[in-house]
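Me: I have a model open here and would like to talk through what is in it. Could we start with one of the helices and move on from there?

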Amino acid sequence: MVLSVKKLDPTNSIKPLACCISLPTHSLSLSLSLSLSLKRNYRKRQKSLLHSIFMDDLWVHIISASFVLFLLFLFKLQRSNKRNLPPSPPSLPIIGHLLLIKEPVHRTLQSLSDRYGPVLSLSFGSRSVVVISSLSSAEECFTRNDIILANRPRLLSSEIMLYGNTTIGSTSYGPHWLNLRRLTLKILSPHHLAGSLAVRLEELRLLVKSLHEVAMAAAGGGGFARVELRSRLQELSFNIIMRMISGKRYLGATVDAGDAEVGMRFLEVISEHFELSGTDPSDFLSALRMVADFKGRERKMEDVAKRADVILQGLIDELRSRMKRSNGGREVESKTMIDSMLSEGYSDDIIKGHILSLLIAGTDTSAVTIEWIMSLLLNHPNVMKKARVELDEVVGRDRLPNETDIHKLPCLHNIINEAFRLFPPAPLLVPHESAEDCTIGGFNVPRGTMILVNVWTIHRDANVWDDPTSFKPERYEGLKGDQAYRLLPFGMGRRSCPGAGLANKAVSLALAALIQCFEWERVGEEPVDLSEGTGLTMPKREPLEAMCKARGCMIANVLAQL
Ligand code: HEM
């Protein structure tokens with residue numbers, strides 16, 4: 001019997017039997033044990049039978065599923081060949097190419113376009129995306145197809161945090177956008193910018209003054225001081241834009257406590273905006289919107305939107321009552337952007353959305369640009385020296401630079417261009433969407449496709465640029481008109497950046513003053529790390545710190561007088 005049981009299952013029946021044999025007198029227990037052991041063995045056999053059947057089945061399922069997927073792939077390939085869509089890497093059902101997309105996204109897309117070509121199609125979940133990575137295709141997008149591609153995709157973040165997609169940067173092409181664009185171009189027109197020159201010069205003076213104070217306090221006066229530049233540059237660009245919008249500065253030493261508190265809350269909200277903006281997974285897989293984790297993200301967006309709204313409403317109410325006070329209840333002639341929007345009868349929501357858009361679009365981009373340029377110059381001290389010689393010749397050593405000097409500073413201009421080429425603050429521009437079927441680079445692009453223009457790749461194209469990854473501002477020397485290289489840091493066409501004029505002025509002026517007034521050195525021997533961090537604008541991964549010393553020749557006549 002023992003043997004027969006052992007035969008049933010030689011591996012598993014030994015233990016219970018051995019234990020029963022050691023107790024021969026307990027026949028009941030013996031028979032119970034035997035019957036239990038038999039049952040167990042029977043179950044195990046059943047299990048292993050089931051297991052083998054299941055495994056066989058599983059293989060059949062796997063093979064059939066792979067076959068179906070293969071057929072689907074062939075079908076898709078054939079269909080896309082027939083539809084003449086841009087080339088595309090193999091994708092997974094439902095999620096498409098989402099798993100391929102890693103940070104920094106512009107670099108991932110660059111390596112995909114190296115393999116599949118400059119017009120590449122991808123699926124981000126349910127969304128079709130076309131990535132443009134050559135200058136000629138980008139030009140095609142923003143000349144022949146400019147109106148067709150002037151829409152913006154509807155994203156959850158802009159729905160919640162940008163007043164239901166009604167702001168200038170998020171709303172699609174149409175009368176509302178045209179109206180906001182007209183207003184923005186007016187505020188940022190050369191005429192208006194000339195009117196706000198005093199604001200930029202004042203903010204520049206305050207930046208230089210604060211750096212001089214830090215440098216003078218270091219090492220017993222007049223030595224090199226270690227300074228963190230990012231926050232100072234953010235303060236500069238935030239104040240410039242805020243003063244044009246509301247007529248008031250909100251950050252810095254001379255600001256009263258209440259306004260400084262508002263300014264800090266504003267910066268906080270803007271940085272949270274950046275964190276939550278853009279690619280929310282549920283924009284691509286709508287089913288995810290039901291999942292609790294992503295709901296958490298949505299709640300965060302709602303919280304940021306509410307906090308931003310409170311600050312913005314406060315600004316409008318303050319301006320409204322200031323207007324009434326200054327004119328006995330009647331509207332006065334417009335001065336700031338809020339004044340002019342109030343007097344043109346825009347609703348509070350549209351005004352709030354517009355303030356937010358300009359702050360979001362203008363603060364970080366300009367600050368990030370100056371930070372990249374300073375980092376590049378610290379790694380190329382000879383180029384910094386050349387720019388300083390030019391500044392000494394054109395501006396001299398008795399005054400700070402002014403905007404009228406800028407067009408006389410080609411070396412400075414080349415440095416800025418080269419930094420925009422290597423580190424465009426918006427490496428994928430802002431996503432566009434096709435309003436109709438169109439063709440790009442000979443491929444069909446269906447209506448409703450999201451278009452990403454990879455300016456990062458275009459600016460580093462070895463067919464266009466010699467030694468494309470090196471910082472060489474001299475490459476632009478002597479180039480004129482058609483000869484000049486085409487750079488796209490501000491985009492192109494209808495939706496290109498309306499703040500380009502202001503940004504160029506603010507960046508040039510700040511850079512000129514930093515180079516003219518101070519000597520700069522790296523904190524250590526190592527070159528400044530130029531890796532990119534993640535974010536909507538492409539920041540430097542580590543905030544820039546540098547050693548800063550007032551130039552002796554600038555102290556008496558300029559720095560000491562500020
Ligand atoms: C270095 C600084 C800046 C850079 C590199 C930059 C770049 C860009 C880019 C690439 C776009 C998207 C273009 C497209 O969709 O194809 C854009 C849009 C925009 N920018 Fe700028 N920008 C800068 C500064 C500013 C400033 C200072 C302002 C205003 C105060 C501003 C306001 C806007 C607005 C309102 C839009 C949306 C335009 C629309 O959708 O119609 N930008 N910018």
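Me: Which residues of H5 are buried?
Reply: In this predicted model, the buried residues of H5 are Leu-135, Ser-137, Ala-138, Glu-140, Cys-141 and Phe-142. Because six of the eight residues of helix H5, which runs over residues 135–142, are buried, the helix is largely enclosed by the rest of the structure.

Me: And what do those buried residues pack against?
Reply: They pack against four strands and a helix, namely strand S1 (119–124), strand S2 (127–132), strand S5 (438–440), strand S7 (450–453) and H18.

Me: Switching to the ligand, how many residues surround it, and which are the closest?
Reply: The ligand is surrounded by 26 residues, of which Ala-361, Gly-362, Gly-491, Cys-497 and Gly-499 are the closest. By type, the shell around the ligand divides into 14 nonpolar, ten polar and two charged residues.

Me: Which helix gives the most to that shell?
Reply: H15 gives the most, with seven residues. Helix H7 (175–187), helix H15 (348–379) and helix H19 (500–517) each supply at least two residues of the shell.

Me: What does UniProt list for "binding site"?
Reply: The UniProt entry, which is unreviewed, lists Cys-497 under "binding site", and Cys-497 is also among the closest residues to the ligand in the model.

Me: Where does Cys-497 lie, and is it buried or exposed?
Reply: Cys-497 lies in the loop between helix H18 (455–458) and H19. Cys-497 counts as buried because 21 other C-beta atoms lie within 10 Å, where the cut-off for buried is 20 or more. Leaving aside neighbours within four places in sequence, Cys-497 is in contact with Phe-490 and Gly-491.

Me: What about the largest nonpolar core?
Reply: That core has 86 residues, and those with the most contacts inside it are Ile-373, Ala-510, Leu-511, Ala-513 and Cys-517. H15 gives the most to this core, with 15 residues. Taking Leu-511 as an example, and again leaving aside neighbours within four places in sequence, Leu-511 is in contact with Ile-370, Ile-373, Leu-412 and Ile-416. There is also a second, separate core of 31 residues, which includes Leu-122, Leu-428, Met-450 and Leu-488.

Me: Any odd backbone geometry, say a cis peptide bond or a positive phi?
Reply: A cis peptide bond joins Glu-103 and Pro-104, with omega at about -10°, and Pro-104 lies in the loop between helix H3 (27–83) and helix H4 (105–116). Asn-84 is not a glycine but has a positive phi of about 55°, and Asn-84 is found in the loop between H3 and H4. Tyr-163, also not a glycine, has a positive phi of about 45° and lies in the loop between helix H6 (156–161) and H7.

Me: Are those two, Asn-84 and Tyr-163, buried or exposed?
Reply: Asn-84 counts as exposed because it has 11 C-beta neighbours inside 10 Å, whereas Tyr-163 counts as buried because it has 24.

Me: Finally, where does pLDDT stay under 50?
Reply: It stays under 50 over residues 1–39, for which the model has 26 contacts beyond four places in sequence, and over residues 329–334, for which the model has nine such contacts. Where pLDDT is low, the predicted coordinates should not be read in detail. The protein chain averages a pLDDT of 85, and 80% of the residues score at least 70.

Conventions
Residues numbered from 1 in each chain as written. Predicted model: local features only at pLDDT ≥ 70, side-chain atom pairs only at ≥ 80, totals over all residues. Near = placed C-beta within 6 Å. Nonpolar A, V, L, I, M, F, W, Y, C, P; charged D, E, K, R; others polar. UniProt positions renumbered as here; feature names shortened; annotations may be inferred. Buried ≥ 20, exposed ≤ 12 C-beta atoms within 10 Å, placed from the backbone. Contact = placed C-beta atoms within 7 Å. Core = buried A, V, L, I, M, F, W, Y, C linked by C-beta atoms within 7 Å. pLDDT = per-residue confidence, 0-100.
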